[in-house]
Amino acid sequence: MRYGSVCSGVEAASMAWEPLGWKPVFFSEIEPFPSAVLQHHWGNVPNHGDMTKFEEWGYERGSIDVLVGGTPCQSFSIAGMRGGLGDDRGNLALTYMRMVDRLRPRWCVWENVPGVLSSNGGRDFGSIVGALAELGYSCSWRVLDAQNFGVPQRRRRVFLIGCSSGDWRDPAQVLFESGCGARDFEQGGEAEQEHARRFKECLTYDKQRLGQYGNGRVSSTVAARDYKDATDLVVHANNVAPTITSSGPPYSRTGNQHSEVDALVVHGTQDPIVSNKAMPIQMNCGQESAMLSGGKVRRLTPTEAERLQGFPDGHTDIGWKGNPTPDSHRYKAMGNSMAVPVMRWIGRRIQEVGNG
């Protein structure tokens with residue numbers, strides 16, 4: 001299978017699909033650091049930059065079998081301004097559809113935040129689905145959560161699969177395999193179950209909303225952030241906070257870590273201290289003091305962020321302008337990425353349906 005990738009980031013799709021024997025034909029990424037990561041790992045694959053100029057790239061109908069992309073989510077996110085397709089970033093979704101029209105791949109895979117389903121009263125997503133239908137593509141969509149694919153992160157994303165066959169059963173079989181249930185660990189493949197076992201003992205800060213924490217062992221969604229937003233905390237009752245040991249995916253500013261002990265991190269904004277729960281990070285860039293009793297606290301490392309997204313250790317540690325790679329660049333790249341195990345599952349499903 002030959003695929004083209006837009007809004008490529010640091011290429012979760014390639015990490016997921018190349019082990020399946022798929023070959024990248026082109027990338028499209030404009031941000032300098034992710035572009036450098038692409039050059040480092042896939043120097044022989046052209047990165048064409050701005051996807052709005054795709055007509056200048058020289059690819060014709062049938063050049064690729066799959067077009068994949070997660071166009072910017074900010075205009076659809078419930079945490080953003082909800083600009084939808086009226087936002088320049090949201091309009092890249094329609095650019096993606098124009099690429100489908102020109103290249104006519106057998107399959108297209110489009111990813112976004114669940115907020116796209118309700119943006120503009122559902123009309124934005126309806127426009128995207130309608131555009132595919134007008135092009136003769138059948139489509140199916142589903143919200144998949146990375147935590148159900150063997151990684152301890154709540155990362156819910158909408159995946160829209162289109163197929164040029166026009167038969168609705170083809171994309172439906174990709175996303176809704178027989179007996180899939182809720183995609184729990186027990187029904188996952190052996191590799192997914194192994195990820196789950198390796199992560200089982202990790203203790204996570206389960207941030208549910210501002211100032212509220214649960215008791216779950218799954219991190220909140222990994223988000224793009226900079227080095228000043230020190231909210232990804234690993235805490236443990238023992239002397240040293242443990243590292244995450246799996247090779248699975250994501251991190252986020254809400255992806256803090258939680259340990260079920262009586263005395264935990266007590267945020268320094270409490271004066272006097274009235275609770276053993278961490279208080280929300282406030283407005284001074286996460287620089288308030290963090291205190292704790294009977295344990296250690298530290299931030300997630302960039303390597304752990306890579307593992308949470310399913311990337312190999314050091315995937316984004318490529319150096320930067322002759323210096324060590326800034327942590328902020330690596331955190332942001334992971335926060336913007338798709339989860340590799342989810343993308344690998346989708347690739348396998350496409351292969352199974354295509355060969356069926």
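A nonpolar core, as I shall use the term this morning, is a set of buried Ala, Val, Leu, Ile, Met, Phe, Trp, Tyr and Cys residues joined through side-chain atoms within 4.5 Å. With that in place, let me turn to the structure above, which is a predicted model.

I begin with the overall picture. The protein has 356 residues, of which 52% count as buried. Its secondary structure comprises nine helices and twelve strands. The exposed area is about 15800 Å², and carbon and sulfur atoms supply 49% of that area. Among contacts with a separation of 6 or more, 70% are between residues 24 or more positions apart.

Next, the confidence of the prediction. The average pLDDT of the protein is 74, and 62% of the residues score at least 70. Strand β2, residues 23–26, has the highest confidence, at 98, whereas strand β10, residues 265–267, has the lowest, at a mean of 43. Two stretches call for particular care. Over residues 74–90 the pLDDT stays under 50, and the model has 37 contacts beyond four places in sequence for them. Residues 280–290 also stay under 50, with 23 such contacts in the model. Where pLDDT is low, the predicted coordinates should not be read in detail.

I come now to the interior. The largest nonpolar core has 42 residues, and those with the most contacts inside it are Trp17, Val109, Met343 and Ile346. Several elements each supply at least two residues of this core, including helices α1 (12–17), α2 (32–41) and α5 (169–175), and strands β3 (66–69), β4 (107–112) and β6 (156–163). Which helix gives the largest share of this core? That is α9, with seven residues. A second, separate core of 28 residues includes Val6, Tyr96, Met99 and Trp110.

Helix α9 merits a closer look. It has 16 residues and spans 22 Å from its first C-alpha to its last, close to the 22 Å expected at 1.5 Å a residue. Its buried residues are Val340, Pro341, Val342, Met343, Trp345, Ile346, Gly347, Arg349, Ile350 and Val353. Beyond its neighbours within four places in sequence, Ile346 contacts Val109, Leu144, Phe159, Ile161 and Val174.

Let me close with three individual positions. Thr316 is found in the loop between α7 (302–308) and α8. Is Thr316 buried or exposed? Thr316 is buried, because its relative accessible area is 0%, and the cut-off for burial is under 20%. Its side chain makes a polar contact of 2.5 Å with the side chain of Glu306. Apart from neighbours within four places in sequence, Thr316 is in contact with Val10, Phe33, Val37, Glu306, Thr325, Arg330, Ala333 and Met334.

Gly49 lies in another loop, between α2 and β3. Its relative accessibility is 14%, so Gly49 counts as buried under that cut-off. Not counting residues up to four places away in sequence, Gly49 touches Phe27, Ser28, Glu29, Ile30 and Trp57. Gly49 and Phe27 are 22 residues apart in sequence, with their C-alpha atoms 7.6 Å apart in space.

Finally, Ser328 is placed in helix α8. Ser328 is buried too, because its relative accessible area is 16%. The side chains of Ser328 and His329 make a polar contact, at 3.4 Å.

Technical notes:
Residues numbered from 1 in each chain as written. Predicted model: local features only at pLDDT ≥ 70, side-chain atom pairs only at ≥ 80, totals over all residues. Heavy atoms only, no water. Helix = DSSP H or I, 4+ residues; strand = E, 2+ residues; numbered from the N terminus. Buried < 20%, exposed > 50% of the residue type's maximum accessible area, 1.4 Å probe, protein only. Contact = heavy atoms within 4.5 Å. Areas by Shrake-Rupley, 256 points an atom, 1.4 Å probe, with all protein chains shown as cover. Expected span 1.5 Å × (residues − 1). Polar contact = N/O pair within 3.5 Å; in protein donor to acceptor, adjacent residues only side chain to side chain. pLDDT = per-residue confidence, 0-100.
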